[in-house]
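Q: Hey, I'm new to this one. Can you walk me through it?
A: Sure, pull it up and ask away.

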Amino acid sequence: MRVLVAVLLAAITLSAGAQQGTETVPALTVAVGANHAPPYRIIDGGPATGLYVEIFEEITNRLGWKTHYREAPFRRVLKMVQQGEVDIMLGVLKTPDRDDDMTFVTPAFPSDRRLFLYMDNSNRIERYADLYGKTIGVLESYSYFKRFDNDGQLRKESAPRYENLMLMMEQGRVDVVVAPELIGLYVLEQLGLKADVSPFFVPGERPWIAVAKTSPVLEYSDDIRAALKLIETEGIYEDLVLKYMDQYAQ
């Protein structure tokens, strides 16, 4: 294990030196596009934080990179990647329609169950078939799981933020909100709303660090993967995940 850590650290050190060069060559500055989606990405006027951000900052610290975060709704962030306005997107699921615009470098973040939240007992979801006939709140342009995303018989209402969706549910404009577990529970707590969790849920996939295909960051994909492996080996990755799970998971 010590040998592995030493090899990874040496590789990262050499790569960082190549990127920064001499004192006349500035460190690489990476523009990250991210929607405000606590507790994964907390980007709301102050310094960026959240589970995904903290993991990524551990990676960039080892590479000697600087980061600049640009907050926008999820759909807008996808467009920013497509147009080359940002280098990186954190926590995006890999889907075929996104392959033209971004390279999925590594599945860097833990998977999160997709919960179906409700307030009225008549909207409790016990199996997938119970979703038919319900109005389901979803985040704009977000991917949940293949069957759900492609099911044209479901009635879905979208909004740019989960805060909007939870308030829509409170007002009776949607019957159910589907959300990643930690985000859903966090938003309910912040809004002071009481909702129940349906017994039916779907296991999540591991979200990725994705790099715009037009970005110079793409040539450092191996370095990103090596730095991630290093923080996993050091136990830092696990510590960060447990910190957020202990605080928000039920």
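Q: Which residue follows H6, and what is its phi like?
A: That's Gly192, and its phi is positive, near 70 degrees. Keep in mind that this is a predicted model.

Q: OK, and where does H6 itself lie?
A: H6 covers residues 181-191 and lies across three strands: S5 (114-118), S8 (176-180) and S9. It runs at about 120 degrees to S8.

Q: How many of the H6 residues are buried?
A: 8 of its 11, so the helix is mostly covered. Among the buried ones are Leu182, Ile183, Leu185 and Tyr186. Glu181 and Gly184 are buried too.

Q: What do those buried residues pack against?
A: Strands S5, S8 and S9, plus two helices: H5 (162-170) and H8 (236-248).

Q: Switching to the sheet: what's the strand order, and is the sheet open or closed?
A: It's an open sheet of 5 strands, ordered S7-S6-S8-S5-S9, with mixed pairing.

Q: Which strands stand at the edges?
A: S7 (155-159) and S9 (196-202). Each has a single partner strand, so one side of each is left without a neighbour in the sheet.

Q: What does the twist average from one strand to the next?
A: 30 degrees.

Q: Back to S7 for a second. In which sense does it pair with S6, parallel or antiparallel?
A: Parallel, over 5 bridges, with S6 being residues 135-139.

Q: And which residue in S7 does Val138 stand opposite?
A: Ser158.

Definitions and conventions
Residues numbered from 1 in each chain as written. Predicted model: local features only at pLDDT ≥ 70, side-chain atom pairs only at ≥ 80, totals over all residues. Heavy atoms only, no water. Pairing = 2+ DSSP bridges. Helix = DSSP H or I, 4+ residues; strand = E, 2+ residues; numbered from the N terminus. Axes fitted to C-alpha atoms, helices over the stretch in contact; angles between N-to-C directions. Contact = heavy atoms within 4.5 Å. Buried < 20%, exposed > 50% of the residue type's maximum accessible area, 1.4 Å probe, protein only.
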